[in-house]
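Please look over the sequence and the model shown here before reading on. The report that follows goes from the overall layout to particular places in the chain.

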Amino acid sequence: MINSNKYLEEIILGIFDTYITSDPFEICDCLNIKVIRSNLGNEIKGFFQRTSTNYEIIHIHNKLNYPESKYVCAHELGHAILHTDLSIGFFIENQLQIKNRYEIEADKFAAILLLPNEISFECRYMNLEQLSSYYNVPIQLIKYKYNLDKDYEI
């Protein structure tokens, strides 16, 4: 696992400098990663797949709204870029390990990709729930990006 947010920031800065976007869907297009929307059932929002011929696919549940889809795409893009040696089989077989390691890293990647470096002026008095709603991302991403704890108010 990559321990440094600085390392993730450098990767994302390189992506932005190369492709001039932080939109995960546009980045997938640039990297030739196919995004497929389909019904993934009641529990799966998305997953990343690399085929035996190195064809890369991000699967996103078609019932998600746009902000949720964007977050899932950013998270799975994190797996595609950071976890190049792992397959979907590894994630299925090692669910407890990945929740504590690879999933957190993919969420940190998504947080850095999707959120601005500084909390905007109009948000300075918002709590975590309000920030999450304002930026349309899960609360955990707000915590990762800005190093906030549960009771923090800006």
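## Terms and overall layout

A residue is called buried when its relative accessible area is under 20%, exposed when that area is over 50%, and partly exposed in between. With a relative accessible area of 48%, Glu 129 is therefore partly exposed. The model discussed here is a predicted one.

The protein chain contains eight helices and three strands, and from the N terminus on these elements follow the order α-α-β-β-β-α-α-α-α-α-α. Of the 154 residues in the protein chain, 41% are buried. When contacts between residues at least 6 apart in sequence are considered, 55% of them join residues at least 24 apart.

## Helices H7 and H8

Glu 129, introduced above as partly exposed, belongs to helix H7, which spans 128–135. Although Glu 129 and Ile 142 are 13 residues apart along the chain, their C-alpha atoms are separated by 9.1 Å. Ile 142 is itself one of the buried residues of H8, a group that also includes Leu 141, Tyr 144, Lys 145 and Tyr 146. These buried residues of H8 pack against four other helices, namely H1, H3, H6 and H7. Directly after H8 comes Asn 147, which has a positive phi, near 55°.

## Aromatic rings and a charge

Two aromatic pairs are present in the structure. In one of them, the ring centres of Tyr 134 and Tyr 135 lie 4.9 Å apart and the ring planes meet at 90°, so this pair is classed as edge-to-face, given that planes over 60 degrees apart count as such. The two tyrosines are not alike in exposure, since Tyr 134 is partly exposed because its relative accessibility is 38%, whereas Tyr 135, with a relative accessible area of 17%, is buried.

Another ring takes part in an arrangement with a charge: the charged end of Arg 124 sits over the ring of Phe 121, at 3.6 Å from the centre of that ring.

## Positive phi in the loops

Most residues other than glycine have a negative phi. Ile 20 has a positive phi of about 55° although it is not a glycine, and its place is in the loop between H1 and helix H2, the latter covering residues 24–30. The relative accessible area of Ile 20 is 62%, so this residue counts as exposed.

Asn 136 likewise has a positive phi, near 60°, in a residue other than glycine. Asn 136 is found in the loop that joins helix H7 to helix H8, the latter covering residues 139–146, and with a relative accessible area of 45% Asn 136 is partly exposed. In sequence Asn 136 and Tyr 71 are 65 residues apart, while in space their C-alpha atoms are 8.5 Å apart.

## A buried glutamate

Is Glu 76, a residue with a relative accessible area of 7%, buried or exposed? Buried is the term that applies to Glu 76, because that value of 7% falls under the 20% limit. Glu 76 is located in helix H3, which runs over residues 66–82. Leaving aside residues up to four places away in sequence, Glu 76 touches Gly 46, Phe 47, Phe 48 and Ile 58.

## The second largest pocket

The second largest pocket has a volume of about 230 Å³. Two elements give two or more residues to its lining, helix H1 (5–19) and helix H6 (102–114), and H1 gives the most, with four residues.

The residues that line this pocket are Glu 9, Ile 12, Leu 13, Phe 16, Ser 22, Ile 112, Leu 113, Leu 114, Leu 115, Pro 116, Asn 117 and Lys 145. By character, this lining divides into eight nonpolar, two polar and two charged residues. Lys 145, one of the lining residues, is also among the buried residues of H8.

Conventions:
Residues numbered from 1 in each chain as written. Predicted model: local features only at pLDDT ≥ 70, side-chain atom pairs only at ≥ 80, totals over all residues. Heavy atoms only, no water. Phe/Tyr/Trp six-rings, centres within 6.5 Å; stacked < 30°, edge-to-face > 60°. Buried < 20%, exposed > 50% of the residue type's maximum accessible area, 1.4 Å probe, protein only. Lys NZ or Arg CZ within 6 Å of the ring centre and 35° of its normal. 1 Å grid on protein atoms, 1.4 Å probe; cavity = no way out; pocket = protein on both sides within 12 Å on 5 of 7 lines; lining within 4 Å. Points joined across faces, edges and corners; volume = space filled by probe spheres on them. Nonpolar A, V, L, I, M, F, W, Y, C, P; charged D, E, K, R; others polar. Contact = heavy atoms within 4.5 Å.
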